[in-house]
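Ready for a short walk through a structure? Open your viewer, keep the selection box handy, and follow the stops below.

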Amino acid sequence: MQNRAMLKTETYLEKSFELWPGLLRFVASGDDAHAALDAGMDAARDMAGVLMADAELVAEAHGSVDFLPRGLAGRQVLDAVRSLARAVGATKSDDLPPSLVGLPGAVCDIALDAMRSAGANNFVLAILGDALAFHVEGGASLVADISVPSVSGEFLRALGDGQAGGVAIAGAQAHFPTSGIADRVVVQAKSAALASLAAAHVADGMTAPGMRRRRGRIADPLVARAVEGRALVDDVGLLPPEEIWDALSAGIRRANALRENRLLRAAALGLKGRGRTIGPIDGDRLLRFGVSEWR
């Protein structure tokens, strides 16, 4: 656990718990920060007993809702998949990302709820893999060196004060491979489970002519099972500017459709040094996206 200075008069605290697909991290600042971390750890221990069993079920479900999870995280994934399916008018499982994409975010959502119930704090975060769930009180600020992945942390700080919900990353550097060519897609939604699925859905829609099918072994066996049979995309190399903008526009159309259905609030998409945003986010503040031109 680490103590760091925040705004000179406050401290934030961190703890972590090992859980698939990596390290579940808890961050809190405020009068009840210690209690929040303890509550997050208790929630993680409660989830750990059935998480892998549910992960196996969700991985086999691919993008369908035809599974019956045992734990709360699996049930929250099921709810998020159904919400996304309704919003996009999905008629088959391939219309949606693999359901497993939403599981780390669901873990974050459950941990955050437990942390918030522990008392009053300026901010609380739960982070696992490419997803995080957060609640920031109005006027509180996130310092730059808390243990948040650099891209999602930068996105989170660019959202401004008094925000809550989930943030997730999809694309070439994410844990889950996609059927599109996005370098990165980051979205904010009302939950981390929904943000994870929404980001993957947007990334899947970013395509270009002549895309090559991904080759090689996927290291995580659960992920490999979840994406089995999907047309995953390898690096497309150099692209002409018009194809880059076309791919970004396709992703933005998907993001706008989700925003119109109130499934996401903000999104930023990056590809080959160019980017697009929707919602209350300033692309010029997202330096880690590596984008030199935003539209």
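Start by selecting P21, which sits in the loop between β2 (10–19) and β3 (22–29). Look at the peptide bond that leads from W20 into P21: it is cis, and its omega is near 5°. Before moving on, keep in mind that everything on this tour is a predicted model.

**Stop two: the enclosed space**

Rolling a probe the size of a water molecule over the atoms shows where empty space is left. In this structure, one cavity of 30 Å³ or more turns up. The largest cavity has a volume of about 140 Å³. To find it, select V101, I169, F176, S196 and A200, which are the closest to its centre among the 18 residues of the lining. Now colour β6 (164–170) and α5 (192–204), since each of them supplies at least two residues of that lining. What kinds of residue line the largest cavity? The lining has 12 nonpolar residues, four polar ones and two charged ones.

**Stop three: two helices crossing**

Keep α5 coloured and add helix α7, residues 241–260. The axes of α5 and α7 come within 7 Å and cross at roughly 145°. The crossing of α5 with α7 is right-handed. To see who touches whom, show side chains for A198, H201, V202 and D204 on α5, and for G251, R254, A255 and L258 on α7. Sorted by class, this contact has four nonpolar, two polar and two charged residues.

**Stop four: the open pockets**

Next, select G171, A172, P177, R214 and V233. These lie nearest the centre of the largest pocket, which is lined by 22 residues and has a volume of about 360 Å³. Its lining has 11 nonpolar, four polar and seven charged residues.

Then turn to the second largest pocket, with a volume of about 230 Å³. Which residues should you pick to land at its centre? Choose Q76, D109, K190, S191 and A193, the closest to the centre out of the 16 that line this pocket. Several elements take part here: α2 (72–88), α3 (103–116), β5 (131–136), β6 and α5 each give at least two residues to the lining. You have already met β6 and α5, as each also supplies at least two residues of the lining of the largest cavity. By class, the lining of the second largest pocket holds six nonpolar, five polar and five charged residues.

**Stop five: from α7 into the strands**

Go back to α7 and follow the chain into the loop between α7 and β8, where you will find R262. R262 is not a glycine, yet it has a positive phi of about 60°.

Carry on to strand β8 (residues 266–271) and strand β9 (residues 274–278), which run antiparallel and are joined by five bridges. Select L269 and look across to R276 in β9, which stands opposite. Together β8 and β9 form a hairpin, with two residues between them. Click on K272 in that turn: its phi is positive, at about 50°. If you show side chains along the strands, one rule helps you read them: in a regular strand the side chains alternate between the two faces of the sheet.

**Last stop: the other partner of β9**

Finally, add strand β10 (residues 293–294), which pairs with β9 in the parallel sense over two bridges. Select G275 together with W294 in β10 and you will have two residues that stand opposite each other.

Methods:
Residues are numbered from 1 along each chain as its sequence is written. This is a predicted model: local features need pLDDT of at least 70, side-chain atom pairs count only at pLDDT 80 or more; totals for chains, interfaces and linings use all residues. Side-chain values use heavy atoms; hydrogens and water are left out. On a 1 Å grid over the protein atoms alone, a cavity is a set of points where a 1.4 Å probe fits but cannot get out, and a pocket is an open set with protein on both sides within 12 Å along at least five of seven lines; lining residues have an atom within 4 Å of a point. Grid points are joined across faces, edges and corners, and a volume is the space filled by probe spheres set on the points. Helices (H or I, at least four residues) and strands (E, at least two) are DSSP runs, numbered from the N terminus. Ala, Val, Leu, Ile, Met, Phe, Trp, Tyr, Cys and Pro count as nonpolar, Asp, Glu, Lys and Arg as charged, and the others, Gly among them, as polar. Axes are lines fitted to C-alpha atoms, for helices over the stretch in contact, and angles run from 0 to 180 degrees between N-to-C directions. A crossing is left-handed if the near helix is turned anticlockwise from the far one by less than a right angle, and right-handed if clockwise. Contact means heavy atoms within 4.5 Å. Two strands pair if DSSP finds at least two bridges between them.
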